[in-house]
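Let's take a walk through this structure together. Have the sequence and the 3D view open side by side, and we will stop at two places along the way.

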Amino acid sequence: MSKFPDGFLWGGALAANQCEGAYLEDGKGLSVPDVIKGGTMDTPRMVTTTIHEGEYYPSHEAIDFYHRYKEDIALFGEMGFKCLRVSINWSRIFPTGEDEEPNQAGIDFYRSMFEEMHKNGIEPLVTLSHYELPFALAKKYGGWSNRKLIDLFVRYTKLCFTEYKGLVKLWITFNEINCLCAPFGNVMGAGIMPPEDNTLLDFSVKVEWDDEQRRYQALHHQFVASALAVKAAHEIDPENKVACMIASRAVYPYSCRPEDVLLAQKMERICNHYCGDVHARGAYPSWAPRLWEEKGVSIDMEPGDEQILAEGKVDFYTFSYYKSSTVSTDPTVEAGTGNVFYDDALNPYLKFSDWGWAIDPKGLRWYLNDMYDRYQIPLMVVENGLGAADTVEEDGSIHDDYRIDYMREHVEQMAEAVHDGVDLMGYTMWGPIDIVSAGTGEMKKRYGFVYVDKHNDGSGDLRRAKKDSFFWFKKVCETNGEELQDPSSAHGVIRDSCVYLAR
Ligand code: BG6
């Protein structure tokens, strides 16, 4: 018998802005990522107030999924995906976010994409907002800091639930909503833009324009919008199931000093439970007022907000997991690096990816158990993977054993968690085909089973090629997670297939 339940949703996850390209095609409006330039691990991405002609913005072409989704989805079907997580780019449906009429071409595009998934036996899981606010709303209203966005979002989501009724049943409201608990959330999560051109990720120095009051207020607006969307989804189609999505932070204390232990608890609360509780329990946690007091934040709530939150609880809980996190109260402890949260200490027991993210499969088991104990609703891992530079051999093959090792070890820990009693629905790894990195804007940081000939400077002919991990994951899907064996035994067999796919 498989360690994973029948119907387990194996698959991959993408975000529109990181794969589609066609950034102004068929009536689409500008969205926030369209004004964020490419960067690297050492050079932070620049957020610009307008588009600078002649400069490189990776979302503008990305990997051209907009024109190639049929071939790409066929590859996912060939691997045996049961589920594909994608996002709808709001500005393809409502180009400015508040247009009187929706953009029919955008609606048709996503309908065709969902139909294509079904043809390939793939269940769509759709994120309604994955760092993709219409830029016009960021400019005009200061993004989610303005309550006005609640109604605009609800209108957009109702249209999606109605248009795609019967085609999509699994939804996520906001990607990594808890990124708003950190400065990274300003631009990506809330569309709160810097007053002038500024870096996206360089938080080693204090970000002058970061305003916690504004961020936490924006987060409250998103909570209310999410709860209203959950309610609407159920009303429009009782078969709809809606989830929250949290950037998980499995937090360890650096030492057993009580101060470190308390700090770890505090970080776990702020980073995971603050948002998880509102979504899954329908109310802010009891310690929230003290947190607001300590931060000097006061949340402006309208009468009825608490009831909306209570009535808009999610059906399942999804999260991204890339790494665990270690915290210390000792300033002399060496610092580590992270994606959304930047106050890690270096964990001496773990290895790190080339981009400095701690590799910790057991942290995934810890997190699954912790969240299931707390919320008792089905969980789903909707992002996990290894960002790594790949080498294309002369014969076109790509031997990415490091990526297979990373995923195999995480899948093994998921099996342990299922054995522990966790109700786990599925696993959609991040970036099944190479896409633009959200954090650094690079192509070099690749996650995919499918390689894309596209590079940091925008060059490349966009051809696709299967990596070794493609064949490994195919086996995982076919055997419902039973066959996780070392791919090295498979090299000889698969090499022939690893040449570029003809287009
Ligand atoms: C998550 C985001 O934080 O991490 C994705 O939801 C992102 O959009 C992923 O791509 C990996 O991060 P990065 O910076 O390596 O692309």
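**Two helices and a ligand site**

Start with a pair of helices in this predicted model. Helix α8, which covers residues 212–236, packs against helix α9, residues 258–281, at an angle of about 35 degrees, and their axes are 10 Å apart. If you turn the view to look at how the two cross, you will find that the crossing of α8 and α9 is right-handed.

Which residues make this contact? On the α8 side, pick out Tyr216, Leu219, Phe223 and Ser226; they meet Ile270, Tyr274, Cys275, Val278 and His279 of α9. By character, the residues of this contact comprise 7 nonpolar and 2 polar ones, with no charged residue.

Now move over to the ligand. There are 13 residues around it, and those that come nearest are Gln18, Glu176, Ala438, Lys445 and Tyr447. The shell is a mixture here: 5 of its residues are nonpolar, 5 are polar and 3 are charged.

Where do oxygen atoms of the ligand meet polar atoms of the protein? At alanine 438, a backbone N or O atom lies 2.7 Å from a ligand oxygen. Side chains take part as well: an N or O atom in the side chain of asparagine 175 is 3.0 Å from an oxygen atom of the ligand, and for the side chain of serine 437 the corresponding distance is 3.2 Å. As for burial, the ligand on its own has 380 Å² of accessible area, and the protein covers 96% of that.

Note on methods. Residues numbered from 1 in each chain as written. Predicted model: local features only at pLDDT ≥ 70, side-chain atom pairs only at ≥ 80, totals over all residues. Heavy atoms only, no water. Axes fitted to C-alpha atoms, helices over the stretch in contact; angles between N-to-C directions. Helix = DSSP H or I, 4+ residues; strand = E, 2+ residues; numbered from the N terminus. Left-handed = near helix turned anticlockwise from the far one by under 90°. Contact = heavy atoms within 4.5 Å. Nonpolar A, V, L, I, M, F, W, Y, C, P; charged D, E, K, R; others polar. Near = heavy atom within 4 Å. Polar contact = N/O pair within 3.5 Å; in protein donor to acceptor, adjacent residues only side chain to side chain. Areas by Shrake-Rupley, 256 points an atom, 1.4 Å probe, with all protein chains shown as cover.
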